[in-house]
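Please examine the structure below, beginning with its overall form and then turning to its helices, its buried residues and its internal spaces.

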Amino acid sequence: MKRRPGLWTVIDGRGMAFERLLHRLRERGGAATSPRIDREVKRIVEQVRRGGDRALVAFTRRFDRVRLRPQELSIGPEELRVAERALPRRQARALKLAARRIAAFHRHQLEKGWIYRDGSGFRLGQKVEPLERVGVYVPGGTAAYPSSVLMNVIPARVAGVREIVVATPPRRGGVPLSVRAAAAVAGASALYQMGGAQAIAALAFGTESVPRVDKICGPGNIYVTAAKRMIFGQVDIDMVAGPSEVLVVADSAARARLVAVDIVAQAEHDPLAAAILVTTSSALAYRVTREVDTLLETLPRRRIARRALERFGATVLVGGVEEAAEVVNRIAPEHLQLMVQRPGRLAGLVRHAGAIFVGSDTPVALGDYIAGPSHVLPTAGTARFSSPLGVYDFLKRSSVVQASPAVLEKLGRVAAELAEMEGLGAHALAVYERLGYNQA
């Protein structure tokens, strides 16, 4: 096989080349830590925090080349419903079917509060409440992403969030009809024509026209990602997401054409996207290479896909299912696609992956749009400790503690002793006063 960069670099899953691949994949996830970008984003965030609408519309004019007055930033629910009615019928049906499926899946994630009384008589429990206001960022630029609206807004709505606002970069011709319609279908409260770091700052701190939210979710470019990292603590965020990625595990029985299509489908997202093939068959790797070459001759986004594959593509050869699982767990991919004869067995060995697509009939594209789970997933190896966006991201929990006089008598002295052990006399006194006796 002719050796070339990217996907066509064939490496051993147990060698040093694999370690270098791991490092390269993790490093690309930290692209948003550029000191120059951080300085620029910090300046934007601070100006919006101080200047409110005035700074927001100035940055919109500068970066998006769109002139808006503050009162034009918001598109209200009635206008969104008008967009929904104006959408071509087939597109409207597709959005509504996807919305129903996403909502049905996420209803399984709902949590309930609980109370119990323990053996000491304590009444203990947990109260679960939704966040009050959430901001969803939807990328704009040269493309429209109605699916991102559905995948972020609907889990929040199922959780019971009272107000969900969408922010997306404005265009001279207006926000795309499909995005406005998706906001209506998903149940968004309003859509704001604002993008970039300035939109994140407006959601985090609020302006005269934009309400301050409790949490910001949704993907964005390097400036959006840097801004989300910067404002975390003022509000919550879903995750610091990096470029998209797929890992396809395929054996000798897999169809090379399907493997190639799924690899290129991920690579066409972004020049920083990663697409890794893990296989037990060098013959399959060769066939996939030929199919990828053919695809890259005709696809509209072939230049983007080629750049991604040359920089962040590879074929990893492994000796069997267990070794394949080891490679998967070390990479911890955002999307994992299993195109092997016994995918269930391999899925059982996987510990770290954002989403697992089991079998050759389950392309990642199904999960991107219609399957049901949110397509907002951990990237750059963070699936080791992070989960897909879900209802649980929009819920908060409060502990409930209730003691009776008998419980206070039974356990109060122990609490006071622990307080004294830490040198916190007032803590101990708060118990002793209730027990009615002196500390001595």
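**A buried residue and its surroundings**

Leaving aside neighbours within four places in sequence, Val-224 is in contact with Tyr-137, Gly-196, Ala-197 and Ile-200. The model examined here is a predicted one. Val-224 lies in helix 9, which comprises residues 222–231. Is Val-224 buried or exposed? Its relative accessibility is 1%, and residues under 20% are counted as buried, so Val-224 belongs to the buried group. A further relation links Val-224 to a remote part of the chain: Val-41 is 183 residues away along the chain, and the C-alpha atoms of the two residues are separated by 8.5 Å.

The protein as a whole may now be considered. Its secondary structure comes to 17 helices and 15 strands. The C-alpha atoms fill a box of roughly 85 × 60 × 45 Å, taken along the principal axes. Of the 440 residues in the protein, 49% are buried. Among contacts with a separation of 6 or more, 74% are made by residues 24 or more positions apart.

A second single residue, Glu-163, is found in strand 6, which covers residues 163–168. With a relative accessible area of 17%, Glu-163 is buried, since the cut-off for that class is under 20%. When residues up to four places away in sequence are not counted, Glu-163 touches Glu-132, Arg-133, Val-134, Ser-189 and Pro-211.

The helices come next. Helix 1 has 13 residues. From its first C-alpha to its last, helix 1 reaches 19 Å, close to the 18 Å expected at 1.5 Å a residue. Which residues of helix 1 are buried? They are Phe-18, Leu-21, Leu-22, Leu-25 and Arg-28. These residues lie on the same side of helix 1, because they cover an arc of only 135° around the axis. A general property of helices is useful here. An α-helix has 3.6 residues a turn, so residues three or four places apart point the same way. On the face of helix 1 turned away from the buried side are the exposed residues Met-16, Arg-20 and Glu-27. The buried residues of helix 1 pack against several elements, among them strand 1 (10–12), strand 10 and strand 11. Helix 12 (302–312), strand 12 (313–317) and helix 13 (321–331) also pack against the buried residues of helix 1.

Helix 12 can be read in a similar manner. Its buried residues include Ala-305, Ala-308, Leu-309 and Phe-312. Seen down the axis of helix 12, the buried residues fall within an arc of 100°, so they line one face of the helix. The elements that cover the buried residues of helix 12 include helix 1, helix 10 (256–267), strand 11, helix 11 (282–295) and strand 12.

Attention now turns to the enclosed spaces. How many cavities of 30 Å³ or more are counted? The count comes to two. The largest cavity holds about 100 Å³ of space. Its lining includes Leu-25, Arg-26 and Arg-28, together with Glu-245, Val-246 and Leu-247. Ala-274, Ile-276, Ile-331, Pro-333, Ala-380 and Gly-381 also line the largest cavity. Helix 1 (16–28), strand 10 (245–250) and strand 11 (274–279) each supply at least two residues of this lining. By class, the lining of the largest cavity has eight nonpolar, one polar and three charged residues. Leu-25 and Arg-28 thus appear in two settings: they are buried in helix 1, and they line the largest cavity.

The second largest cavity contains about 30 Å³ of space. Among the residues that line it are Pro-139, Gly-140, Tyr-145, Arg-171 and Val-179. Its lining has eight nonpolar, two polar and one charged residues.

The final feature is an open one. The second largest pocket has a volume of about 200 Å³. Which helix gives the most to the lining of the second largest pocket? Helix 5 does, with five residues. Helix 5 (89–107) and helix 6 (146–159) each supply at least two residues of the lining. Residues lining the second largest pocket include Leu-87, Gln-91, Pro-146, Ser-178, Tyr-369 and Ile-370. By class, the lining of this pocket divides into nine nonpolar, three polar and no charged residues.

Conventions: Residues numbered from 1 in each chain as written. Predicted model: local features only at pLDDT ≥ 70, side-chain atom pairs only at ≥ 80, totals over all residues. Heavy atoms only, no water. 1 Å grid on protein atoms, 1.4 Å probe; cavity = no way out; pocket = protein on both sides within 12 Å on 5 of 7 lines; lining within 4 Å. Points joined across faces, edges and corners; volume = space filled by probe spheres on them. Helix = DSSP H or I, 4+ residues; strand = E, 2+ residues; numbered from the N terminus. Nonpolar A, V, L, I, M, F, W, Y, C, P; charged D, E, K, R; others polar. Expected span 1.5 Å × (residues − 1). Buried < 20%, exposed > 50% of the residue type's maximum accessible area, 1.4 Å probe, protein only. Arc of directions from axis to C-beta. Contact = heavy atoms within 4.5 Å.
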